[in-house]
There are 2 protein chains.
Amino acid sequence: MYSIGDVAKMMNISTSALRFYDRQGLLPFVERNQAGRRTFKPNDLNFIEVIDCLKKSGVPVKNIASFIQLCMAGDGTLKERYDYLDHQEAVLTDKIQAMQAQLDFLRYKKWYYKTAVEAGTEAVHFLPQTHAVDPETKAQYQRARQNATDLHQLIDLPNQSTSQDQPD
Amino acid sequence: MYSIGDVAKMMNISTSALRFYDRQGLLPFVERNQAGRRTFKPNDLNFIEVIDCLKKSGVPVKNIASFIQLCMAGDGTLKERYDYLDHQEAVLTDKIQAMQAQLDFLRYKKWYYKTAVEAGTEAVHFLPQTHAVDPETKAQYQRARQNATDLHQLIDLPNQSTSQDQPD
DNA sequence: GCTTGACTTAAACCTGTGTTCAAGTCCTAA
DNA sequence: TTAGGACTTGAACACAGGTTTAAGTCAAGC
């Protein structure tokens with residue numbers, strides 16, 4: 001049996017977050033001792049692992065609560081629980097693909113600035129006499145990328161490792 | 001020149017979100033006409049594309065504003081802008097890897113419920129006489145996965161396509 | 001000239017996801 | 001037996017990221 005503090009440390013979730021999840025109906029399986037304190041069973045960690053996974057996948061708490069409700073309802077909901085996870089799998093793979101698309105764009109912009117840094121001015125990308133980026137710029141990158149054997153050679157600036165810390 | 005409504009449609013961002021971004025300092029480059037209305041230049045869409053990419057990558061608005069500030073400051077900040085994007089690239093690849101780890105876990109749970117559905121009861125995964133999951137269960141899945149030639153055969157239940165709509 | 005639709009602002013509002021606070025309970029160890 | 005630390009609750013607070021509302025401006029078409 002674990003206390004809320006034990007679980008917080010083990011799962012790397014704050015106690016206030018765990019209490020919040022409990023209030024939102026995510027932890028109906030957690031029992032209490034005589035003093036009213038939560039006592040987590042080893043098997044409860046399996047539930048919390050699922051909750052944590054769904055949270056990290058971007059599923060809202062209310063939505064997770066509905067899955068936990070299915071879990072509490074017994075074998076009659078097994079197929080529903082499977083379908084829920086199957087759906088979340090699809091949502092997550094879509095999300096990963098979307099992130100990958102953002103990554104591709106970020107890399108184009110890295111190339112854009114690498115090129116500009118090397119030229120000493122962003123003007124290398126501008127239409128003559130303007131401050132507007134040449135619409136051909138991206139196509140130019142895509143051609144360069146097709147011919148490139150090494151993406152990093154194309155987009156990475158040699159790292160002189162005077163790494164300033166960068167806030168996020 | 002485009003109105004805020006034009007840009008909203010083209011970029012698939014609500015006008016209220018665009019005004020919010022402007023208030024937060026993300027659109028300092030947008031000019032106004034005599035009537036005080038925002039007039040977006042074609043080149044402004046390049047900025048909005050970057051903003052949208054960073055937003056979709058999970059970068060907070062305040063943080064994006066600092067990048068836009070660099071953009072407005074001229075060629076002296078080119079290397080800083082490159083470093084910013086380089087950092088965001090690293091953050092995003094980490095994020096994608098984390099998502100992939102959640103996906104792996106979701107797939108284990110799909111297998112768990114597929115197996116349970118086929119058995120008609122979740123008890124196939126429990127330690128005898130208990131409602132606690134056998135700690136060996138996950139290792140059992142991982143072995144099955146190593147031997148599996150097709151992940152989907154392992155974790156997907158034959159789809160009888162009575163697809164209930166699933167809320168997200 | 002008047003209506004309509006798209007724009008403007010400031011301010012209020014809303015949701016999700018927690019965190020913090022105040023007041024109290026419980027257990028342990030000195 | 002008293003001090004400390006970990007727990008309990010409800011309520012208030014915080015913060016991001018918008019959305020909505022109210023009141024007004026502007027240009028176009030009828």
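How do the residues of the surface near DNA strand D divide into nonpolar, polar and charged? There are seven nonpolar, five polar and eight charged ones. Here Ala, Val, Leu, Ile, Met, Phe, Trp, Tyr, Cys and Pro count as nonpolar, Asp, Glu, Lys and Arg as charged, and the others, Gly among them, as polar. "Near" means that a heavy atom of the residue lies within 4 Å of the strand.

A quick word on the model: it's predicted, so local features need pLDDT of at least 70 and side-chain atom pairs pLDDT 80 or more, while totals for chains, interfaces and linings use all residues. Residues are numbered from 1 along each chain, chains are lettered from A and ligands numbered from 1 in the order written, and side-chain values use heavy atoms, leaving out hydrogens and water.

Of the 20 residues around strand D, S3(A), G5(A), S14(B), S16(B) and K55(B) come nearest. Of the strand's atoms within 4 Å of the protein, 73% belong to sugar or phosphate and the rest to bases. Here are some side-chain contacts with strand D:

| Side chain | Partner on strand D | Distance |
|---|---|---|
| R32(A) | phosphate oxygen | 3.0 Å |
| S16(B) | phosphate oxygen | 2.5 Å |
| R37(B) | base oxygen | 3.0 Å |

α2(B) gives the largest share of this surface, five residues.

What about disulfides (cysteine sulfur pairs within 2.5 Å)? The structure holds zero over all chains. The sulfur of C53(B) can't bond because the closest cysteine sulfur, in C71(B), is 13 Å away, too far. C53(B) counts as buried (under 20% relative accessible area, 1.4 Å probe, protein chains only), at 3%. C71(B) is buried too, at 11%.

Conventions. A polar contact is a pair of N or O atoms within 3.5 Å; within protein, one must be able to donate a hydrogen and the other to accept it, and residues adjacent in sequence count only if both atoms are side-chain atoms. Helices (H or I, at least four residues) and strands (E, at least two) are DSSP runs, numbered from the N terminus. A disulfide is a pair of cysteine sulfur atoms within 2.5 Å. Buried means under 20% relative accessible area, exposed over 50%, partly exposed in between (1.4 Å probe, protein chains only).
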